[in-house]
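Please look through the structure shown below, and then follow the paragraphs after it, which go from one strand pairing outward to the chains and to the place where they touch.

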Amino acid sequence: MGMKVDNDKQVAASNDLISAIQAEFTDEGVTCELRFHAGGKQKRPYVFIECPPEIWLIVAETLSEVHGVDYCSMITGIHWPEKVPEMEWQVVVHLMRMSIQNPKSKDGMLIPTITDASIVQGATMPLELEISIAIPETRTPSIPSVQHIWVGADWNEKETWDLVGIDFDGHKEMRRVLQPHETPAGFHPLQKQHKLRYHEFNEMYDDAQGFMRKSDDIGKVK
Amino acid sequence: MAEMWISMGPQHPMTHGLWTLKVKIDGETIVDTIPDLGYIHRGVEKICEARDFTQITPYCDRLCYASANTWSHSYVYAAENLLEVEVPERAEYIRLIAVELQRIASHLMWLGAYCPDIGNLTAFVYCLREREMMLDLLQELGGSRMHYNFPRIGGVKRDLPHGFAMRCRAKVKLFLERIHEYEALLDESTIFLIRTQGVGYAKPEEMVNHGVTGPNLRAGGVNYDVRWAHPYSVYDELDWTPSVERSSVKGADCYDRYRVRLDEMKTSASLVLQALDGIPGGADTYHEPGDPALLGKAPSRASDGQTGFHHFEDPRGESLFYIVGGGDARGKNPYRVSIRSPMFITIPYAAKCMIGYKIADVPAIMGSFDPCIGETDR
């Protein structure tokens, strides 16, 4: 009962996409596998792709044009100082296939596309994709921008550069979005060398105002 | 005539929060816009790296002041994917009730804030009257009126209280009656129609490419909803269809976005009523907090390399939490939490939408996308 996409059909559609990507890109070092969300009642599938930064643009274009992946959900970056040298930076991209067409029109009004979830299949099946791009040790990490493929990636890339410091080649008008415009160049707060300075657990709860703090503690905690 | 830039915000009735929209006008026509965000950036993602998994839930409540419950649920689902937690079915039903009540309250808050923007102050009072009922119900569940901290990793904080089902049914049914008052008030108000119809067209395919989802997309005649495309919780066990609006060929205008939200409130109300009927164990039984029917067992640590994410249908679009485990305190903290805010992606698109319209249309177009700056700036 209810409107839903069948899990088995989604697995089959994901496998189709995986075999197509593997056939095309295995030589370039792209690995692709089917994964399942671990929590919840339904173990929903998603496609996991590992892609070297050099061919990310080609993979993205193929996904968009051939496989109908039409929606970029999120682009985010992670700083891994402990994984130097093979992966100091990681860019994680979440894409979705929505299979949206502009609805047909009649007499100047759109006819809503009420998709019956029981009949969507094959290339129109909604899919989740996760793409991991590892960038080796460098002081100026960058990958190609996909802003021209999915315009929704634009502000995600701005945010990733602003907070994590991973640059996107070919991105138009890269600028600070969440931090103030006058933030010093090279300051990206989600990099791991910026530590959060918090009270130790006991101090936080027993003596929040710091009345009992000894003089030699001052300056050590915030 | 010479073009000039006008800065709307950070304090401006149009903004619904704290941000700036720089508008370039030629006479009265908008020719270019630049949104400027980040005024209330709190660094939630960085704060989360120094908190353990249960401590993060209240922070996620505070991402959005209009729909706190959906954000904490969004986080909890992602954390459950990370920590591999099974949730009892009764807890899933209670969560669904809480989320859908919050969705109604959020849409009512939107309508209540939108109507005064475009010259209909009366609707504000009507909407807050009904929102009050929803907040009363949420208060019974979570104990507070704005930031509930209701879900737990693995379940929910408390069971439905005694008599909740009766009061909830009565209030939701009363609300379904009163929706007709909005329709009478707004759909027959000439001012409202003039300000919203034919303003701010948005094409469906363009919206998908720009990352706009949720009611804003469904207003364009496209039936896409995470709740059926990637079903989570128990949405696949209830009988419902997402509300889709018949828009014109030019795309969805502000009026369509208003209609689809009004319709979605009805869908949410029917989901709540169905969930109260279908909840395993019955809506009138009560379990103590921490009962296995309410709270599954969840580990407190995640090992290196574990990741979890979850797409969630927020009242404003698709929200996404991506969590990497294996952080400080030997895995008790996440290594990285990344939040996808639907409005962060929608606001640039909404700003593009208004190019070509008059400067007086800015509040009508911007408000119709339902901006919430708390989640945008994080």
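In this predicted model, B:Val324 has B:Arg336 as its bridge partner, and that partner lies in strand S8 of chain B. The pairing belongs to a longer run, since strand S7, residues 317–324 of chain B, is joined to S8(B) by five bridges, with the two strands antiparallel. A general point helps here: strands of a sheet pair through backbone hydrogen bonds, in either a parallel or an antiparallel arrangement.

Is S8(B) buried or exposed? Five of the five residues of this strand, which covers residues 336–340, are buried, so S8(B) is largely enclosed by the rest of the structure. In a regular strand, side chains alternate between the two faces of the sheet. In S8(B), B:Arg336, B:Ser338 and B:Arg340 point one way while B:Val337 and B:Ile339 point the other way, and all of them are buried.

A contrast is offered by B:Ser303, which sits in the loop that lies between helix H11 (254–278) and strand S6 (307–314) of chain B. B:Ser303 counts as exposed, because it has 10 C-beta neighbours inside 10 Å, and a residue is called exposed when that number is 12 or fewer. Once neighbours within four places in sequence are left aside, B:Ser303 is in contact with B:Gly325, B:Gly326 and B:Gly331. B:Leu238, which is 65 residues from B:Ser303 along the chain, has its C-alpha atom 36 Å from that of B:Ser303.

Another part of chain B holds an open sheet of three strands, arranged in the order S1-S2-S3 with antiparallel pairing. Strand S1 (3–8) and strand S3 (29–36) of chain B are at the edges, each having a single partner strand, so one side of each has no neighbour in the sheet. From one strand to the next, the twist averages 20°. Strand S2 of chain B, residues 20–26, pairs with S3(B) in the antiparallel sense over seven bridges, and B:Thr20 stands opposite B:Asp36 of S3(B). Across S2 and S3 of chain B lies helix H13, residues 342–353, which runs at about 165° to S3(B).

Helix H4 of chain B, residues 89–117, is also worth following from end to end: it has 29 residues and reaches 42 Å from its first C-alpha to its last, close to the 42 Å expected at 1.5 Å a residue. H4(B) is mostly covered, with 24 of its 29 residues buried, and it is followed by B:Gly119, whose phi is positive, near 90°.

Taken as a whole, chain B contains 15 helices and eight strands. Its radius of gyration is 21 Å, close to the 21 Å given by the globule rule for 378 residues, so chain B is as compact as a globular protein of that length. The C-alpha trace of chain B spans about 70 × 45 × 35 Å along its principal axes, and 60% of its 378 residues count as buried. Among the contacts in chain B with a separation of 6 or more, 71% are between residues 24 or more positions apart.

Chain A has four helices and nine strands, which follow the pattern α-β-β-α-β-β-β-β-β-β-α-β-α when read along the sequence. Buried residues make up 36% of the 222 residues in chain A, and residues 24 or more positions apart account for 62% of its contacts with a separation of 6 or more.

How many residues of chain A are in contact with chain B? There are 48 of them, and they are in contact with 56 residues of chain B. On the side of chain A that touches chain B, two or more residues each come from strand S3 (71–79), strand S4 (89–97), strand S6 (109–110), strand S7 (127–135) and helix H3 (153–163) of chain A. The largest share of this side, six residues, is given by S3(A), and the residues of the side as a whole divide into 27 nonpolar, 15 polar and six charged.

A:Gln179 gives one view of how the chains meet, for, not counting residues up to four places away in sequence, A:Gln179 touches A:Asp162, B:Gly38 and B:His41. A:Gln179 is found in the loop between strand S9 (167–169) and helix H4 (201–206) of chain A, and it is partly exposed, with 17 other C-beta atoms within 10 Å.

Notes:
Residues numbered from 1 in each chain as written. Chains lettered and ligands numbered in written order. Predicted model: local features only at pLDDT ≥ 70, side-chain atom pairs only at ≥ 80, totals over all residues. Contact = placed C-beta atoms within 7 Å. Nonpolar A, V, L, I, M, F, W, Y, C, P; charged D, E, K, R; others polar. Rg over C-alpha atoms; globule rule 2.2 N^0.38 Å. Buried ≥ 20, exposed ≤ 12 C-beta atoms within 10 Å, placed from the backbone. Pairing = 2+ DSSP bridges. Axes fitted to C-alpha atoms, helices over the stretch in contact; angles between N-to-C directions. Expected span 1.5 Å × (residues − 1).
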